[in-house]
Amino acid sequence: MNVLWMIGQSILNGLTMGGIYALVGVGLTIIFGVMKVVNFAQGEYLVIGMYITLVLNQLTGLSPYLLLPPTILIAYLFGRISYGVVVKPLLGQPGQYFVVATMGLSFVIISVLQLVFTTNFWAVETSLKSVSITWKGFSLGLPRIIACGFMIFFVVLVDFFLKRTDFGRAMRATSENTEVAQSLGINTNKMYGFSFAVGTTFAAITGLLLSPIYFVYPTAGTPFKTIAMVIIVMGGPGNIGGAVASGLIAGLVEAFTATFVSNDLAPAAAYLLLIIVLAFKPAGLFGKGARVA
Amino acid sequence: MLEIKNINAGYGDLQVLFDVSMEVKDGECVALVGSNGAGKTSLLNVVGGHLKASAGQVIWNGEDILKTSPTKRADLAISHIPQGRGILGTLSVMDNLLLGGYCRRVKKKRMENIEKAFDMFPKLKERQKQVAGSMSGGEQQMLAIARALVMEPDLLMLDEPSLGLAPVVVDEMFDYIAAVRDSGVSILLIEQNLPAALSIAQRGYVMENGRIVLEGNNHELAENEDVKRAYLGI
């Protein structure tokens with residue numbers, strides 16, 4: 001194996017994995033951007049997406065990608081309901097209430113999944129699962145490429161929604177200044193509920209896209225949850241473009257560490273990078289820091 | 001017509017408004033003056049719905065709106081420009097104006113209203129794509145007024161529009177507020193710059209330590225010895 005090939009393959013692996021990280025990170029960013037709180041159950045919403053896909057896949061035998069619309073619908077409804085039960089009663093309380101509540105929610109979700117589906121590893125079946133695209137010696141699993149494609153699609157969609165629609169503008173207004181948004185006639189509680197549900201749906205979509213790549217089990221979301229937090233801190237909190245970029249960077253760093261340093265060290269690479277980034281840019285790579293005036 | 005009746009309000013155990021009553025008649029421009037910490041902003045926040053009152057009434061066109069959420073007050077044609085202008089700095093000028101017409105009452109007419117606002121503030125038309133936070137203080141205050149006008153308010157509340165602006169710009173800003181007044185919108189204006197406030201207001205209230213201590217028309221207030229000593233430095 002020559003070094004050039006290793007670099008090229010690492011870039012491909014890193015970017016596709018990074019795309020998946022970016023999608024979870026964008027979901028977390030939407031929630032943080034509007035509500036200024038971190039959802040500690042984001043990884044569990046991802047797992048819920050996996051299980052919804054698994055169940056629908058077993059019932060219908062359809063490819064996970066065709067199950068995207070019903071999965072989005074169910075995940076959105078679940079996000080909405082869990083918002084109403086867990087999050088809404090805490091609005092107006094300090095942020096740490098929300099941390100504890102969503103952490104508790106993540107344990108509840110994991111326990112319920114263990115009770116219903118056991119701790120066994122399940123696999124979602126699809127004919128595309130083992131297809132790889134090879135080109136000049138480089139090779140990449142098709143599900144990873146598809147996942148990356150969907151990531152780009154959904155990020156563009158969200159960007160369009162936030163910049164070009166009234167609802168999106170209202171969300172950005174809520175994000176910047178709740179009181180002013182209310183004075184303009186924006187129902188900020190509605191914006192909170194919507195952004196929480198959309199943010200968690202992004203995690204569920206990631207779960208669906210991961211289901212042909214990974215096994216499905218109750219704690220499958222944990223590594224993605226922590227990496228998503230690395231991504232939003234590194235990208236500058238509330239910055240969607242920053243979340244995408246740092247998701248890709250985290251994927252690349254991980255892939256290069258796995259190839260050139262050690263496979264075992266790869267999962268730690270993103271955290272190491274975070275420490276380095278924060279030492280030099282405390283507001284994150286793309287954060288503007290505190291706004292002056 | 002806005003009637004504020006016997007309002008008590010505060011933050012936690014700290015009461016800042018004591019039995020405050022005042023009124024703004026239709027088409028009237030009323031100034032609320034007083035030193036820092038007198039409770040002027042708190043009173044505006046009670047009317048805007050951002051601060052809960054523990055007692056009293058805020059009657060707007062015959063109905064007590066104290067329990068109405070701030071969101072719904074936009075549909076009642078009450079517009080509140082908070083201290084520091086309250087523009088959305090990360091959004092573009094156009095986005096700010098579009099959100100001025102977000103509430104159901106004016107949504108259909110908002111493009112028309114934005115055009116009218118552009119006629120009044122041609123500078124905003126040039127800058128419509130610019131990020132609002134990158135404009136100068138005066139331009140941001142213009143945007144705040146323009147956005148409020150897109151909402152077609154019957155009552156416009158301004159909290160220290162001159163704050164942080166250069167003296168030349170302050171004069172310009174008061175000309176704009178006078179133009180809004182002349183178009184028939186009722187105005188409740190908080191201002192520390194007493195001469196400027198009294199130049200456009202028909203009546204005024206003086207607030208001290210959370211209480212209204214004096215009220216009168218602009219001439220009476222300008223001639224009052226206590227007011228002169230305390231606020232005009234004469």
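What distance separates the centres of domain 1 of chain B and domain 2 of chain B, taken over C-alpha atoms? The answer is 23 Å. Please keep in mind throughout this tour that the model is predicted.

**Stop 1: the two domains.** Select residues 1-77 together with 154-234 of chain B and give them one colour; these two segments make up domain 1 in the domain assignment. Next, select residues 86-152 of chain B, which are assigned to domain 2.

**Stop 2: where the domains touch.** Turn to the contact between them, to which domain 1 of chain B contributes 11 residues and domain 2 of chain B contributes 11 residues. On the domain 1 side, select helix H2 (70-75) and helix H7 (167-182) of chain B, the elements that each give two or more residues to the side touching domain 2. Of the elements on this side, H7(B) gives the most, with 4 residues. Colouring the domain 1 side by residue class shows 9 nonpolar, 1 polar and 1 charged residues.

**Stop 3: the sheet.** Now display the strands of chain B that form an open sheet of 4 strands, in the order E2-E1-E4-E5 and with antiparallel pairing. Begin at its edges by selecting strand E2 (14-24) and strand E5 (63-64) of chain B, each of which pairs on one side only.

**Stop 4: one strand pair.** Select strand E1 (residues 2-11) of chain B alongside E2(B); the two run antiparallel and are joined by 7 bridges. Which residue in E2(B) is the bridge partner of B:Ile7? Select B:Val20 to see that partner.

Key: Residues are numbered from 1 along each chain as its sequence is written. Chains are lettered from A and ligands numbered from 1 in the order in which they are written. This is a predicted model: local features need pLDDT of at least 70, side-chain atom pairs count only at pLDDT 80 or more; totals for chains, interfaces and linings use all residues. Domain bounds come from an automatic or database domain assignment. Two residues are in contact if their C-beta atoms, placed from the backbone, lie within 7 Å. Ala, Val, Leu, Ile, Met, Phe, Trp, Tyr, Cys and Pro count as nonpolar, Asp, Glu, Lys and Arg as charged, and the others, Gly among them, as polar. Two strands pair if DSSP finds at least two bridges between them.
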